[in-house]
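Subject: A structure for you to explore

Hi there,

Here is the structure I promised to pass on to you. Have a look around, and then read on for what turned up in it.

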Amino acid sequence: MREQCKQIIIEAGQRLLSIQELKVEEKTDYRNLVTQYDVATQEFLMEKLGQIAPEATFLCEEEGEQTISDKMFIIDPIDGTANFVHGTGLSAISVAYVEYGELVWGIVYNPFMNECYEGQRGQGAWLNDKPIHVTNLPLQNTLVSVGTSPYNPEMKDATLDIMSKVLTISMDIRRSGSAALDLCFVAAGKYGLYVEKVLQAWDMAAGIIICREAGGEVLDFDFEAPDFTKRGNIIAGTPEGVSKFIELIKED
Ligand code: LIP
C-alpha cells in the first residue's frame with residue numbers, strides 16, 4: 001500500500017515543479033498563506049489515495065474533510081507554504097497513514113530537492129530508498145532546528161528563549177519553515193534536534209513515524225508521546241539530544 005501511495009505522492013509533487021502564476025491568499029493572517037496548488041494537491045491526493053483505501057477518511061490542512069477514524073490519512077498538501085510562495089525549495093508533501101490510532105507509515109516528499117523520506121512501523125526509515133538513521137554525534141556537535149510558530153505571534157518570547165537555550169548546547173541553530181522536513185532532517189542525521197511549539201497534526205504526523213523509525217525520540221513539551229491527531233508541540237531528536245534539551249528546560 002505504501003509503495004502505491006508513494007507513486008501518487010511523487011506524481012503530486014512533480015506537478016509542483018511546473019507551476020503557473022501563483023494565486024496566494026491569506027488564511028488566519030498575512031503569515032498563514034494558501035495557494036491554489038495547496039488546494040489542488042490536496043484534492044488530487046484525496047481522490048487518488050481514496051481509490052487505494054476507499055474505507056479511509058482524511059484529516060487535511062486545507063478546507064475539506066477533517067475526519068478522525070480507525071483508518072485515515074493525515075495530509076499536509078504543501079508543508080512549508082511560505083517557502084513554496086517564496087521559492088526557497090524547502091516545501092514538501094506530507095502524508096501519514098494511521099490505523100486504529102497508530103501511525104503505520106509516513107511519506108514526506110520534497111520535489112524541489114528530489115528527496116523522498118519514508119518510514120514504516122517496525123520496518124525502518126529511508127531517504128530515496130536508502131536506509132537512514134539519526135546521527136550518533138553528541139548534541140553539541142550537531143545543528144538544531146527551532147521552529148518559530150509564525151501563525152502564533154504570542155509564542156515569540158517562548159521561541160526566542162528556546163533558541164537562546166539551544167545555542168548553548170549545540171553547534172548552531174537552523175530554521176527551515178517546514179516541520180515535516182525538519183523531522184526528516186533529524187531522521188537522516190542532518191540535525192541532532194528539532195523543537196517547535198503549536199504545530200498542527202498534518203505538519204508532524206508523517207515526520208514523527210519517519211523520525212522514530214530512524215532511531216529518533218519524539219515527545220511533546222509534557223515529555224509524553226505527542227497526539228499526532230491534534231495541535232501540539234514537538235521535541236524530536238537523538239535520544240541524547242532530547243534528554244539534554246529536556247534537562248535544560250527543566251532547569252527553568
Ligand atoms: C508550517 C510548518 C512550520 C511551522 C509553521 C507552519 P504550513 O506548515 O511546517 O514548521 O513553523 O507554523 O505550520 O502551514 O506551511 O503547512
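Let's start with a small puzzle: which residue forms a salt bridge with K27? The partner is E61, and the closest N and O atoms of the two are 3.1 Å apart. Please keep in mind that this is a predicted model.

It helps to find both residues along the chain. K27 sits in the loop between β1 (24-26) and β2 (33-35), while E61 belongs to the loop between β3 (57-60) and β4 (71-79), so their salt bridge ties together parts that are 34 residues apart in sequence. The two ends also differ in how they are classed: K27 has 33% relative accessibility and counts as partly exposed, whereas E61, at 14%, counts as buried. The reasoning behind those labels is simple: E61 is called buried because its 14% falls under the 20% limit.

The idea behind such pairs is that side chains of opposite charge can pair when their charged atoms come close. In total, the structure holds 14 salt bridges.

Next, please look for K6. One salt bridge joins K6 to E118, with 2.8 Å between the closest N and O atoms. This pair links distant parts of the chain, since K6 is in helix α1 (residues 2-15) and E118 is in strand β7 (residues 115-120), 112 residues apart. Both E118 and K6 are buried.

K6 also forms a salt bridge with D129, where the closest N and O atoms are 2.7 Å apart. D129 lies in the loop between β8 (124-127) and β9 (130-131), and K6 is in helix α1, so here the pair ties together parts that are 123 residues apart in sequence. Is D129 buried or exposed? D129 is exposed, with a relative accessible area of 54%, while K6 is buried, with a value of 6%. Salt bridges that share partners gather R2, E3, K6, E118 and D129 into one network.

Now for the sheet. Five strands make up an open sheet with mixed pairing, in the order β11-β10-β12-β14-β13. Its edge strands, β11 (172-174) and β13 (217-219), each pair on one side only. From one strand to the next, the twist averages 15°.

Within this sheet, β10 (residues 143-146) pairs with β11 in the parallel sense, over 3 bridges. If you want one spot to zoom in on, try S145, whose bridge partner in β11 is R174.

Which strands does helix α4 lie across? Helix α4 (residues 156-169) lies across β10, β11 and β12 (193-199), and runs at about 175° to β10. Helix α5 (residues 179-187) packs on the sheet too, touching β10, β12 and β14 (232-237), and its direction makes about 155° with that of β12.

Finally, go back to α4 and look at its contact with another helix. α4 packs with helix α7 (residues 239-250) at an angle of about 125°, their axes being 11 Å apart. That angle makes α4 oblique to α7, and α4 passes α7 in a right-handed crossing. Where they meet, α4 brings I162, K165, V166, T168 and I169, and α7 brings K244, F245, L248 and I249.

Enjoy exploring, and write back with any questions!

Best wishes

Technical notes
Residues are numbered from 1 along each chain as its sequence is written. This is a predicted model: local features need pLDDT of at least 70, side-chain atom pairs count only at pLDDT 80 or more; totals for chains, interfaces and linings use all residues. Side-chain values use heavy atoms; hydrogens and water are left out. Two strands pair if DSSP finds at least two bridges between them. Helices (H or I, at least four residues) and strands (E, at least two) are DSSP runs, numbered from the N terminus. Axes are lines fitted to C-alpha atoms, for helices over the stretch in contact, and angles run from 0 to 180 degrees between N-to-C directions. Contact means heavy atoms within 4.5 Å. A salt bridge is a side-chain nitrogen of Lys or Arg within 4 Å of a carboxyl oxygen of Asp or Glu. Buried means under 20% relative accessible area, exposed over 50%, partly exposed in between (1.4 Å probe, protein chains only). Angles under 35 degrees count as roughly parallel, over 145 as roughly antiparallel, 65 to 115 as roughly perpendicular and the rest as oblique. A crossing is left-handed if the near helix is turned anticlockwise from the far one by less than a right angle, and right-handed if clockwise.
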